[in-house]
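Subject: Structure for your review

Dear colleague,

Please find below the structure that I would like to hand over to you. My notes on what was found in it follow directly after it.

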Amino acid sequence: MKQNTPKPDKRKYTLMIVPHHGKSVFSINIPIKTVKYAAITLGICLTILSGTMLNYRYQANTATQEKQELNQLRAVNNKQHVELEELAKATADLQQDMNRLNQLDTDLRRIVNSEDSADTSRSAPARLTNYNGQGGPDVQPNIAELKNLVKELKEAVNERENSLRNLKSSLAEKKERMAATPSIWPTNGEVTSRFGWRSSPWGTGSGDWHPGIDIANDTGTPITAAADGTVVNSSWYGGYGNMVEIDHGNGIVTIYGHNSQNLVAPGQQVKKGQLIAHMGSTGYSTGPHLHYEIRVNGTAVNPSSFL
Ligand SMILES: [Zn+2]
């Protein structure tokens with residue numbers, strides 16, 4: 001079979017134009033080549049146009065996506081901003097609490113250490129910039145400042161903890177000292193003889209140095225330890241009759257004389273207010289009473305100054 005090879009097309013398209021109203025018909029001859037070129041050009045134009053449209057749609061989609069992402073970022077940013085402000089507020093509140101603690105510490109020390117201020121090294125509470133815990137976040141908080149604030153707070157907390165620990169041990173020491181100080185009356189009754197020079201109870205007419213106080217009551221009236229301590233003597237002791245002697249430490253000793261009965265033994269630990277003897281009139285005595293004596297470093301002192 002013979003294959004037809006396409007020959008250059010010399011044909012022409014004839015375009016006939018038939019106007020209305022009976023005017024004469026005219027025709028235009030267009031070479032087929034021109035029609036082909038026009039078709040190709042149109043094709044290219046359509047391709048470019050559709051490409052442009054696709055590109056436009058792609059761009060539009062991307063823009064929408066970016067806008068959404070931006071909105072999400074903004075939302076996250078706003079949330080972080082709010083959280084940051086809340087954190088700043090919470091930190092400022094903590095600082096306020098800390099300041100109150102500092103004040104409490106100071107007040108406590110003033111009460112406890114009215115005479116001895118062992119710890120005067122306390123520095124004033126740290127002043128924190130910008131935050132006073134009132135009126136909301138007029139000042140924009142920032143991370144660096146917050147970090148600094150937290151660091152200051154940590155230091156303040158450590159300092160306060162040390163201070164309170166010292167205060168605690170100081171209080172414990174003070175409590176111990178107070179427990180070991182003969183500050184209560186050892187019995188009930190009437191003071192019949194005070195500390196110091198007095199006229200002799202034996203009717204000799206001469207003066208007599210009385211190293212304690214005498215408290216009179218019925219025989220058998222309870223006698224209690226005036227402070228915490230250790231019994232160092234519980235026996236008959238000359239003119240004191242039945243006597244109890246208690247060592248309270250710090251050079252302080254108390255003596256309870258003329259007892260009808262001693263109830264403690266040497267070496268025994270006693271507490272303030274603990275029953276140690278019953279009142280009597282043993283030794284040199286004119287009637288049932290307690291001879292109560294306090295000695296500091298071996299010297300009798302006026303018990304009234306302790307009561
Ligand atoms: Zn006496």
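Strands E9 and E10 run antiparallel and are joined by six bridges. Two strands are said to pair if DSSP finds at least two bridges between them. The names come from DSSP runs, numbered from the N terminus: helices are runs of H or I with at least four residues, and strands are runs of E with at least two. One facing pair is Ile246 and Thr254, the latter in E10. The hairpin of E9 and E10 has two residues between its strands, and Asn250 there takes a positive phi near 55°.

Before going further, please note that this is a predicted model, in which local features need pLDDT of at least 70, side-chain atom pairs count only at pLDDT 80 or more, and totals for chains, interfaces and linings use all residues. Residues are numbered from 1 along each chain as its sequence is written.

Confidence and overall make-up

The pLDDT is the predictor's confidence in each residue, from 0 to 100. Its average over the protein chain is 86, and 85% of the residues score at least 70. Over residues 117–128, however, pLDDT stays under 50, and the model has 14 contacts beyond four places in sequence for them. Two residues are in contact if their C-beta atoms, placed from the backbone, lie within 7 Å.

The protein chain has two helices and 15 strands. Of its 307 residues, 18% are buried. A residue is buried if 20 or more other C-beta atoms lie within 10 Å of its own, exposed if 12 or fewer, and partly exposed in between, with C-beta atoms placed from the backbone. Among contacts between residues at least 6 apart in sequence, 63% join residues at least 24 apart.

The helices

Helix H2 (residues 143–179) has 37 residues and spans 53 Å from its first C-alpha to its last, close to the 54 Å expected at 1.5 Å a residue. The expected span is 1.5 Å times one less than the number of residues in the helix. Which residues of H2 are buried? They are Leu149, Ala156 and Ser163, and what covers them includes helix H1 (32–112).

Strand E9 and its surroundings

Strand E9 (242–249) is largely enclosed by the rest of the structure, because six of its eight residues are buried. Besides E10, strand E9 is joined to E8 by six bridges, and these two strands run antiparallel. In that pairing, Ser235 has Met243 as its bridge partner, while Ser234 has Val244. E8 and E9 form a hairpin with five residues between them, and Gly238 in the turn has a positive phi of about 50°.

Strand E8 (residues 229–236) is also joined by two bridges to E12, again in an antiparallel arrangement. Thr230 stands opposite Gln269 in E12. Is Gln269 buried or exposed? Gln269 is exposed, because 12 other C-beta atoms lie within 10 Å. Its C-alpha atom is separated by 9.6 Å from that of Asp247, and the two residues are 22 apart along the chain.

The nonpolar core

A nonpolar core is a set of buried Ala, Val, Leu, Ile, Met, Phe, Trp, Tyr and Cys residues joined through C-beta atoms within 7 Å. The largest one has 23 residues, and those with the most contacts inside it are Val244, Tyr256 and Ile276. The elements that give two or more residues to this core are strands E6 (213–216), E9, E10 (252–259), E13 and E14 (289–296). Leaving aside neighbours within four places in sequence, the contacts of Val244 include Val231, Tyr256, Ile276 and Ala277. In soluble globular proteins, nonpolar side chains tend to be buried together.

A three-stranded sheet

An open sheet of three strands has the order E7-E13-E11, with antiparallel pairing. Strands E7 (222–224) and E11 (261–262) stand at the edges, each with a single partner strand, so one side of each has no neighbour in the sheet. Three bridges join E7 to E13 (residues 275–278), and Ile223 has Ala277 in E13 as its bridge partner.

Two exposed asparagines

Asn250, in the loop between E9 and E10, counts as exposed because it has 10 C-beta neighbours inside 10 Å. Asn297 lies in the loop between E14 and strand E15 (299–301). Its phi is near 50°, a positive value in a residue other than glycine. Asn297 also counts as exposed, because it has 9 C-beta neighbours inside 10 Å.

Yours sincerely,
A colleague
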